[in-house]
Amino acid sequence: MNESRKRTEELKIAEGVAGSEHGSMADLVRAMIAMVGEDPQREGLRRTPERFERALRYLTSGYHQDPQKILNNAVFSVGYDQMVVVKDIELFSLCEHHMLPFLGKCHVAYLPDKKVVGLSKIPRLVNMYSRRLQIQERLTSQIAEAIQTCIQPLGVGVVIEARHLCMVMRGVEKQHSEAVTSAMLGAFRENQRTREEFLSLIARRAT
Ligand SMILES: [Zn+2]
């Protein structure tokens, strides 16, 4: 196929998609499969657009959830005033620049001020914000701020270590390198000892 004819066909596909008001996400994916040079009707690909749509809707379902609803029904009053740490929370998200996965671990800590939140709610909060198109820095601070808003602790610390497939797969980054981001609020920002206690608790190896 010569270049200009190929162009015309691609345009036709694009117009067909943009032109149909009721074109579903699966139809868009079918067009994308054709655009990369595959046959969307090939047996193995025939139901791929619907599968992809279901997967993408699930992976972006965090837009329809309210973080405070997740946390609020599990807030308890306590006398406990030591650091609460939930570490090694598995994290999977999609980068907003390439819509490719980034994955790794999230560590969350806070210093309670009369209130704590059920431990299982922290991973749920991490999942909720992960199921949006994200950049790692914003994901990190959204998690910290949601906890701050909900139980107003003396401070919150969040650290995310993640590998971005958009970089790894395209060879932009060495295969095992990780991006590390942190958000420190209140005592975690102001008090070096609090911050160091958190960082030493989440360190992979004790020295
Ligand atoms: Zn990316």
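**Helix packing and nonpolar core**

The crossing of helices H2 and H3 is right-handed. This description rests on a predicted model. The largest nonpolar core has 33 residues, and Asn 127 of helix H5 is partly exposed.

**Packing of H2 and H3**

- Helix H2 covers residues 25–35 and helix H3 covers residues 48–59; their axes are 8 Å apart and meet at an angle of about 120°.
- The two helices H2 and H3 are therefore oblique to each other, since an angle of 115 to 145 degrees falls outside the roughly perpendicular and roughly antiparallel ranges.
- H2 contributes Met 25, Ala 26, Val 29, Arg 30 and Ile 33 to the contact, and H3 contributes Thr 48, Pro 49, Glu 50, Phe 52 and Glu 53.
- Of the residues in this contact of H2 with H3, six are nonpolar, three are charged and one is polar.

**The largest nonpolar core**

- Within this core, the residues with the most contacts are Leu 125, Val 126, Ile 143, Ile 147 and Val 158.
- Two or more residues each come from strands S2 (84–95), S3 (101–111), S6 (155–164) and S7 (179–186), and from helices H5, H6 (136–151) and H8 (187–190).
- Helix H6 gives the largest share of the core, seven residues.
- Leaving aside residues up to four places away in sequence, Val 126 touches Ile 89, Leu 91, Cys 106 and Ile 143.

**Asn 127**

- Asn 127 lies in helix H5, which spans residues 121–130.
- Asn 127 has 19 other C-beta atoms within 10 Å and is therefore partly exposed, as 20 or more would make a residue buried.
- Asn 127 and Leu 59 are 68 residues apart in sequence, with a C-alpha to C-alpha distance of 9.6 Å.

Methods: Residues numbered from 1 in each chain as written. Predicted model: local features only at pLDDT ≥ 70, side-chain atom pairs only at ≥ 80, totals over all residues. Axes fitted to C-alpha atoms, helices over the stretch in contact; angles between N-to-C directions. Helix = DSSP H or I, 4+ residues; strand = E, 2+ residues; numbered from the N terminus. Parallel < 35°, antiparallel > 145°, perpendicular 65-115°, else oblique. Left-handed = near helix turned anticlockwise from the far one by under 90°. Contact = placed C-beta atoms within 7 Å. Nonpolar A, V, L, I, M, F, W, Y, C, P; charged D, E, K, R; others polar. Buried ≥ 20, exposed ≤ 12 C-beta atoms within 10 Å, placed from the backbone. Core = buried A, V, L, I, M, F, W, Y, C linked by C-beta atoms within 7 Å.
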